[in-house]
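The following exercises concern strand pairing, helix packing, and the open and enclosed spaces of one protein model. Each task is followed by a solution in steps.

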Amino acid sequence: MATKNPPFKIILGSSSKARREILSEMGYEFTVMTADIDEKCIRREKPEDLVMALAEAKADAIVQRLPTGGPLEEDASTTLLITADTVVVYRGVIREKPTSEKEARDFIKGYSGSHAAVVGSVVVTNLATGKRCGGWDSAEVYFLEIPDEVIDNLIDEGITFNVAGGLMLEHPLTLPFVDAVVGSTDTVMGLSKALTEKLLLEAL
């Protein structure tokens, strides 16, 4: 996709490779900053509330680290900060990044022949005006039976520890066992394109 030339600059407040790829696919150029917050300190009962609270906390943390006045007074362009968070919901239980090999194995075994919901938030903060717009999206992922050997390989690679619910849809080992996605694939991967475009416009 050709690079867009929007009347604003973008900072992606995420270390996620998938989110970087999605934003690039959308045609945007951007810089990356990470929030480095303790996500476990923020708890909410509903997954929608949790992902919104986490994305807002990430935005707050990054804004605090920007120089006073931000990188904005040097030029006339507006800068929009995008932060996001994703959780998996399996049988009504919120799943974040697995913290142990056992937890990762239990997570993936649970998805085998079953399904899980993915809830993802996007928050866009206008660093010039302070205006903030946010929202969330969700999708359902249905899985075929996942062989133990594949689960072993996923855990050995270590990638499952970096993603919500240990679930990486686009991974070559996982993809053959995805039966169907009801909703947006990019929501499952960590950044809803439609929601992000909408919020970028709203935040201007």
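**Exercise 1. Establish how strand E5 is paired and how far it is enclosed.**

Step 1. Strand E3 (residues 78-90) runs antiparallel to E5, and 10 bridges join the two. Strands here are DSSP runs of E of at least two residues, helices are runs of H or I of at least four residues, and both are numbered from the N terminus. Two strands pair if DSSP finds at least two bridges between them. Within this pairing, Leu 80 has Asn 126 of E5 as its bridge partner.

Step 2. The model is predicted, so local features need pLDDT of at least 70 and side-chain atom pairs count only at pLDDT 80 or more, whereas totals for chains, interfaces and linings use all residues. Residues are numbered from 1 along each chain as its sequence is written, and side-chain values use heavy atoms, with hydrogens and water left out.

Step 3. E5 also pairs with strand E6 (residues 132-143), in the antiparallel sense and over 11 bridges. Val 118 stands opposite Ala 139 of E6, and Val 124 stands opposite Cys 133 of E6. The hairpin of E5 and E6 has 5 residues between the strands, and Gly 130 there takes a positive phi near 85°.

Step 4. E6 is in turn joined to strand E7 by 4 bridges, in antiparallel orientation. Glu 140 has Val 182 of E7 as its bridge partner.

Step 5. Of the 12 residues of E5 (residues 115-126), 11 are buried, so the strand is largely enclosed by the rest of the structure. Buried means under 20% relative accessible area, exposed over 50%, and partly exposed in between (1.4 Å probe, protein chains only).

**Exercise 2. Determine which face of helix H1 is buried, and describe the two ends of the helix.**

Step 1. The buried residues of H1 (residues 17-25) include Ala 18, Arg 19, Ile 22 and Leu 23. Viewed down the helix axis, the buried residues fall within an arc of 130°, so they line one face of H1. The arc is that of the directions from the helix axis to the C-beta atoms.

Step 2. The packing partners of these buried residues are strand E1 (8-12), helix H2 (47-65), E3, helix H5 (185-189) and helix H6 (193-203).

Step 3. At the N-terminal end, Ser 16 caps H1, with a side-chain oxygen 3.3 Å from the backbone nitrogen of Ala 18. After the helix comes Gly 27, with a positive phi near 95°.

**Exercise 3. Describe the surroundings of Thr 86.**

Step 1. Thr 86 is found in strand E3 and is buried, with a relative accessible area of 13%.

Step 2. The side chains of Thr 86 and Arg 19 are joined by a polar contact of 3.1 Å. A polar contact is a pair of N or O atoms within 3.5 Å; within protein, one must be able to donate a hydrogen and the other to accept it, and residues adjacent in sequence count only if both atoms are side-chain atoms.

Step 3. Not counting residues up to four places away in sequence, Thr 86 touches Arg 19, Val 51, Val 118, Val 119, Gly 120, Ala 164, Thr 187 and Gly 190. Contact means heavy atoms within 4.5 Å.

**Exercise 4. Identify what lines the largest pocket and the largest cavity.**

Step 1. The largest pocket has a volume of about 730 Å³. Of its 31 lining residues, Ser 16, Arg 19, Lys 97, Asn 162 and Val 163 are the closest to its centre. H1, E3 and H5 are the elements that give two or more residues to this lining, and E3 gives the most, with 4 residues.

Step 2. The structure holds 1 cavity of 30 Å³ or more; the volume of the largest cavity is about 70 Å³. Its lining includes Ile 108, Tyr 111, Phe 143 and Phe 177. Helix H3 (101-111) and helix H4 (148-157) each supply at least two lining residues.

Step 3. On a 1 Å grid over the protein atoms alone, a cavity is a set of points where a 1.4 Å probe fits but cannot get out, and a pocket is an open set with protein on both sides within 12 Å along at least five of seven lines; lining residues have an atom within 4 Å of a point. Grid points are joined across faces, edges and corners, and a volume is the space filled by probe spheres set on the points.
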